[in-house]
Amino acid sequence: METPLEISFHNMPSSKRIEADIRKRVAKLDKIYGRLTSCRVSVELRSKRHRTGNVYEVHVELQAPRSLLVVSREPHRVKERHANADVRTSVRDAFDAAELRLIEYKKKRLAKERARRRVSAQSRREAETAAG
């Protein structure tokens with residue numbers, strides 16, 4: 001990546017363990033698509049609930065050369081909110097979703113590149129037949 005990874009924690013103290021986990025997962029994303037230019041990760045404690053558990057929201061922003069991929073993971077259903085009251089689980093879910101989105105983006109970019117090559121090769125052949 002061209003710019004360093006940005007990790008921010010909101011409404012909670014920062015954790016070296018969580019930062020290390022995030023760095024490891026971002027390195028995996030960088031292996032999947034090596035043209036990432038920047039990555040920002042935000043971990044936010046939405047609410048402190050003693051009885052039902054804490055709700056964490058994780059945002060991952062991946063900047064590629066021509067687009068911005070954003071993954072925001074907040075449990076939406078009540079059962080999901082209270083089943084995963086662990087910040088590491090929320091980080092894992094967010095990066096799993098980011099990995100799927102990045103793989104999908106990579107496939108689309110490759111398909112566009114192949115189509116562009118086909119068109120340029122076809123126009124080259126047409127130019128050669130017209131000239132020759």
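These are my notebook entries on a pocket, an aromatic pair and a buried glutamate.

**Entry 1: the model.** I'm working with a predicted model here.

**Entry 2: the largest pocket.** I looked up its volume first and got about 210 Å³. Then I went through the lining. From the stretch before the middle of my list I noted Tyr33, Arg35, Pro65 and Arg66 among the lining residues. The others I wrote down are Tyr105, Lys106, Arg109, Leu110, Glu113, Arg114 and Arg116. How many of the lining residues are nonpolar, polar or charged? I have four nonpolar and seven charged, with no polar residue in the lining.

**Entry 3: aromatic pairs.** I searched the whole structure and came back with one aromatic pair. The partners are Tyr33 and Tyr105, set edge-to-face, with 5.5 Å from centre to centre and 80° between the planes. Where do the two sit in the chain? Tyr33 is in the loop between helix H1 (16–32) and strand E2 (38–47), while Tyr105 belongs to helix H3 (residues 87–131). They are 72 residues apart, so I've logged the pair as a link between distant parts of the chain. Buried or exposed, I wondered about Tyr33 and Tyr105? Both are buried. I also ticked both names off against Entry 2, as Tyr33 and Tyr105 line the largest pocket.

**Entry 4: Glu57.** I found Glu57 in strand E3, which covers residues 55–64. Why does Glu57 count as buried? Its relative accessibility is 8%, and the cut-off for buried is under 20%. Next I checked what its side chain touches: there is a polar contact between the side chains of Glu57 and Arg46, at 3.3 Å.

Key: Residues are numbered from 1 along each chain as its sequence is written. This is a predicted model: local features need pLDDT of at least 70, side-chain atom pairs count only at pLDDT 80 or more; totals for chains, interfaces and linings use all residues. Side-chain values use heavy atoms; hydrogens and water are left out. On a 1 Å grid over the protein atoms alone, a cavity is a set of points where a 1.4 Å probe fits but cannot get out, and a pocket is an open set with protein on both sides within 12 Å along at least five of seven lines; lining residues have an atom within 4 Å of a point. Grid points are joined across faces, edges and corners, and a volume is the space filled by probe spheres set on the points. Ala, Val, Leu, Ile, Met, Phe, Trp, Tyr, Cys and Pro count as nonpolar, Asp, Glu, Lys and Arg as charged, and the others, Gly among them, as polar. Helices (H or I, at least four residues) and strands (E, at least two) are DSSP runs, numbered from the N terminus. Buried means under 20% relative accessible area, exposed over 50%, partly exposed in between (1.4 Å probe, protein chains only). A polar contact is a pair of N or O atoms within 3.5 Å; within protein, one must be able to donate a hydrogen and the other to accept it, and residues adjacent in sequence count only if both atoms are side-chain atoms. Rings of Phe, Tyr and Trp (its six-membered ring) pair if their centres lie within 6.5 Å; planes under 30 degrees apart count as stacked, over 60 as edge-to-face and the rest as tilted.
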